Amino acid sequence: TGQMIISGIPGALNNLIISNTHSTGVSAPSSWTVDSNFVVTQYATFNAGSNTYTVGGNLECDGVLNGGTSTIAMTSATAELSVSSETVFNNLTITASGILTPQTDFRVAGNFTNNGDYDGSLAVLIMTGNTAGTITGTTTPSTIQQLTIEKTGAAVVSLNVNVSAVL
């Protein structure tokens, strides 16, 4: 539960579990590649900063994930996303080889990029925050079954891809 200070640039990580409950959370000093699952446990906080995180497995956050100005790239052939309502991604990307199936509603403050396969039948993509965001990608049409826009102020969400199946 004490404060953790991480330094250096790790090689690829296998399964990453953030479970430290110190009030400052855990912050990465550099971009990380996680070959398998990335987990933030209940009561833990992960501050993503301005880094890029490549996740080759599932992403689960029962605590807090502060997206900062980061990008999370989901690369697994079949990945699940299960996050708390306190998790806000800045940019979330599904890579060309990836399939992402969210199990819970999730929030994106910046850009949602679908270059692979997105199955949103179980969860809502919520575009949130007070800055502009974009829904884009190479998959067209991009099947987004459930979408909510919760932008505040003059912030807008631009669609840079054909979208189908929105309820």
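Which residue stands opposite Leu92 in β12? Ile72 does. This is a predicted model, and that pair is a good way into it.

**Strand β12 and its partners**

Strand β12 covers residues 91-94. Are its faces covered or uncovered? Both are covered. Asn91 and Thr93 lie on one side, and Leu92 and Ile94 lie on the other. All of these residues are buried.

β12 has partners to pair with. Strand β9, residues 71-74, pairs with β12 in the parallel sense. Four bridges make up that pairing. Strand β15, residues 111-114, also runs parallel to β12, and three bridges join the two. Here Ile94 of β12 faces Asn114 in β15.

**The six-strand sheet**

Another part of the model is an open sheet of six strands. Its order is β1-β4-β7-β10-β13-β16, and the pairing is parallel. Which strands stand at the edges? They are β1 (16-18) and β16 (117-118). Each has a single partner strand, so one side of each has no neighbour in the sheet.

Now look at β10, residues 79-83. In the sheet order, β10 sits between β7 and β13. Strand β7 (residues 59-61) pairs with β10 in the parallel sense over three bridges. Strand β13 (residues 99-102) is parallel to β10 too, again joined by three bridges. The table lists residue pairs across these strands.

| Residue | Stands opposite or bridges to | Strand of the second residue |
|---|---|---|
| Leu59 | Leu81 | β10 |
| Ala79 | Leu100 | β13 |
| Glu80 | Thr101 | β13 |

The two faces of β10 are not alike: one is covered and one is uncovered. Ala79, Leu81 and Val83 form the covered face. Glu80 and Ser82 form the uncovered one. So how does each table residue of β10 fit, by the definition of bridge pairs? Ala79, on the covered face, has Leu100 as its bridge partner in β13. Glu80, on the uncovered face, stands opposite Thr101 in β13. Leu81, on the covered face, is the bridge partner of Leu59.

**The nonpolar core**

How many residues are in the largest nonpolar core? There are 34. Phe38, Phe46, Phe89, Leu92, Phe106 and Phe112 touch the most other members. Strand β10 gives the largest share of this core, three residues. Leu92 links back to the start: this core residue is the one that Ile72 faces.

Phe112 has a list of contacts beyond four places away in sequence. Among them are Leu92, Ile94, Phe106, Tyr118, Leu125 and Met127. Thr134, Ile135, Thr136 and Ile144 are also touched by Phe112. Leu92 and Ile94 both belong to one side of β12.

**Two loop residues**

Is Asn51 buried or exposed? Asn51 is in the loop between β5 (45-47) and β6 (52-55). Its relative accessible area is 11%, so Asn51 is buried. A polar atom of its side chain lies 3.4 Å from the backbone oxygen of Ser30. The Asn51 side chain also reaches the backbone oxygen of Ala48, at 3.5 Å. Leaving out residues up to four places away in sequence, Asn51 touches Ala28, Pro29, Ser30, Ser31, Ser70 and Thr71.

Gly153 sits in another loop, between β20 (147-151) and β21 (157-159). Gly153 counts as exposed because its relative accessibility is 78%. Its C-alpha atom is 8.4 Å from that of Thr131. Along the chain, Gly153 and Thr131 are 22 residues apart.

Terms used: Residues are numbered from 1 along each chain as its sequence is written. This is a predicted model: local features need pLDDT of at least 70, side-chain atom pairs count only at pLDDT 80 or more; totals for chains, interfaces and linings use all residues. Side-chain values use heavy atoms; hydrogens and water are left out. Buried means under 20% relative accessible area, exposed over 50%, partly exposed in between (1.4 Å probe, protein chains only). Two strands pair if DSSP finds at least two bridges between them. A polar contact is a pair of N or O atoms within 3.5 Å; within protein, one must be able to donate a hydrogen and the other to accept it, and residues adjacent in sequence count only if both atoms are side-chain atoms. Contact means heavy atoms within 4.5 Å. A nonpolar core is a set of buried Ala, Val, Leu, Ile, Met, Phe, Trp, Tyr and Cys residues joined through side-chain atoms within 4.5 Å.
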